[in-house]
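The following note is addressed to a colleague meeting this structure for the first time. Please read it alongside the sequence and the model shown here.

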Amino acid sequence: PQISGSVALFSVSSYACQRRTTLDNHNSNLTDALSLLAENAELNNEDGRGVAFRRAAALLKALPTQVISMSQLRGLPCLGEHSLRVIKDVLENGVSSEVESTKQSKRYKALKILTGIFGVGAKTADRWIRAGIYNLEQLRHSGQTLNRAQKAGLEHYDDLNEPVTKAEADAIGEIVQKAVDSVLTGSQVALSGGFRRGKLTGHDVDFLITHPEEGKEVGLMPKVVAWLESQGFLLYQKTTRNSYLESKDGPARPASNMDRFERCFSIFKLTKGKEQETASHKIWRAVRVDLVVSPISQFAFAVLGWTGSKLFERELRRWAGHEKNMSLSSHALFDNTQNKYLRATSEEEIFAYLGLEYIPPSERNA
Ligand code: GTP
Ligand code: MN
Ligand code: MN
């Protein structure tokens with residue numbers, strides 16, 4: 001860091017994928033404010049604004065010390081006019097007036113409650129709000145038709161809004177491992193998502209499944225799901241088929257960032273340990289679990305793509321496209337200059353292709 005008078009100036013890269021962002025955040029007062037505004041923007045389908053606030057928050061998460069004065073931020077990337085205004089407000093007044101008024105607003109509160117239902121996104125929530133529905137009680141009595149996911153989401157609302165602990169994630173990991181062992185020996189299960197980055201809690205648990213022999217993983221998901229169902233572990237599941245087409249020269253290029261693995265959005269019924277039993281005497285709780293099956297040839301890309309954070313992933317793809325003329329997805333890396341796919345068997349290789357220093361999962365918490 002450069003020193004200017006008594007004020008330390010930070011020097012930080014502009015892409016989150018060039019930075020090491022641990023869970024040790026020295027500026028949570030600022031990043032909480034910016035994250036709330038990002039969330040509010042996303043809930044209102046203002047994605048551009050959402051990303052701008054997310055980038056600003058991520059930049060602050062990567063700083064080595066707490067920011068106490070605006071002058072420390074001079075020359076830093078990712079901080080737009082609006083974000084700087086919010087930061088200034090927090091530094092000077094302890095809170096941001098925009099954040100406070102957002103939190104108080106009827107619309108924000110309703111969007112939070114309604115999108116807190118599994119299966120309900122910003123668009124559905126907006127439609128319900130326009131129909132005068134602001135909470136679960138009003139939704140239940142509204143006569144709105146709910147799809148299967150939303151019904152399950154409403155039924156298990158409290159459980160699904162209770163953070164999942166690492167211990168619960170590990171318990172579910174053992175169940176998933178047992179399931180894949182039962183249906184195809186040699187299959188491997190890898191924890192991904194926030195828990196792989198070292199987070200202590202999450203909104204769900206994410207697993208990748210593969211088999212060391214290419215092709216053996218085909219059709220694995222329905223078998224795993226059937227086993228889990230037969231053992232009574234699933235309260236809800238929706239499996240989507242793999243639509244990623246192989247061509248002669250390699251995997252076809254995905255049309256968008258959406259990936260095409262066989263995946264399963266599920267709600268697990270997890271039996272609680274004695275310590276976690278509550279006054280309600282309910283001996284189990286509902287937990288959101290994402291399962292993804294990847295062929296071994298794409299596994300490194302799948303692991304990288306599903307470890308997150310979401311902003312880190314977005315920045316990796318932006319770096320690949322803008323700085324390297326490459327297209328990165330959770331399936332493959334395509335070099336548009338050489339017009340060919342770059343094969344990789346580890347995350348380290350992918351970072352190397354991208355000309356980036358390797359950042360371990362625990363430092364991808366952008
Ligand atoms: P918490 O679950 O809240 O703890 O955070 P998380 O980082 O685990 O988030 P989440 O479970 O939503 O996603 C985990 C990772 O999977 C993130 O990097 C996402 O970008 C990625 N992901 C989620 N859905 C998709 C998808 O449909 N396609 C792809 N390629 N990646 C996805
Ligand atoms: Mn997750
Ligand atoms: Mn997930």
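The points below take up the metal sites and then the salt bridges.

1. The model under discussion is predicted. The contacts and accessibilities described in this note should be read with that in mind.

2. The manganese ion (ligand 2) has Asp-204 and Asp-206 as its protein donors, each through an OD atom. These donors lie 2.0 to 2.1 Å from the ion.

3. The manganese ion (ligand 3) is coordinated by Asp-204, Asp-206 and Asp-290, again through OD atoms. Here the donors lie 2.1 to 2.2 Å from the metal. Along the chain, the donors of ligand 3 follow the spacing D-x1-D-x83-D.

4. The two manganese ions, ligand 2 and ligand 3, are 3.6 Å apart, and Asp-204 coordinates both of them.

5. Are the aspartates Asp-204 and Asp-206 buried or exposed? Both are buried. Asp-204 has a relative accessible area of 6% and therefore counts as buried, the limit being under 20%. Asp-206, with a relative accessible area of 10%, is likewise buried.

6. Asp-290, a donor to the manganese ion (ligand 3), also meets Arg-263 in a salt bridge, with an N to O distance of 4.0 Å. Asp-290 lies in strand E11 and Arg-263 in strand E10, so the pair ties together parts of the chain that are 27 residues apart in sequence. Asp-290 and Arg-263 are both buried.

7. Which residues are linked with Asp-290 in a network of salt bridges? They are Asp-204, Arg-263 and Arg-288. Two members of this network, Asp-204 and Asp-290, are also donors to the manganese ion (ligand 3).

8. The structure holds 19 salt bridges. One of them joins the side chains of Asp-159 and Lys-282, at 2.7 Å from N to O. This pair links distant parts of the chain, 123 residues apart: Asp-159 belongs to helix H9 (residues 157–160), while Lys-282 sits in the loop between strand E10 (262–271) and strand E11 (284–293). Asp-159 counts as buried because its relative accessibility is 14%, under the 20% limit. Lys-282, in turn, is partly exposed, with a relative accessible area of 28%.

9. A further salt bridge is formed by the side chains of Arg-107 and Asp-126, with an N to O distance of 3.1 Å. The two residues are 19 positions apart and lie in different helices: Arg-107 in helix H5 (residues 106–115) and Asp-126 in helix H6 (residues 122–130). Arg-107 counts as partly exposed, at 30% relative accessibility.

Definitions and conventions:
Residues numbered from 1 in each chain as written. Chains lettered and ligands numbered in written order. Predicted model: local features only at pLDDT ≥ 70, side-chain atom pairs only at ≥ 80, totals over all residues. Heavy atoms only, no water. Donors = N, O, S within 2.8 Å, 3.2 Å for Na, K, Ca; no water. Buried < 20%, exposed > 50% of the residue type's maximum accessible area, 1.4 Å probe, protein only. Helix = DSSP H or I, 4+ residues; strand = E, 2+ residues; numbered from the N terminus.
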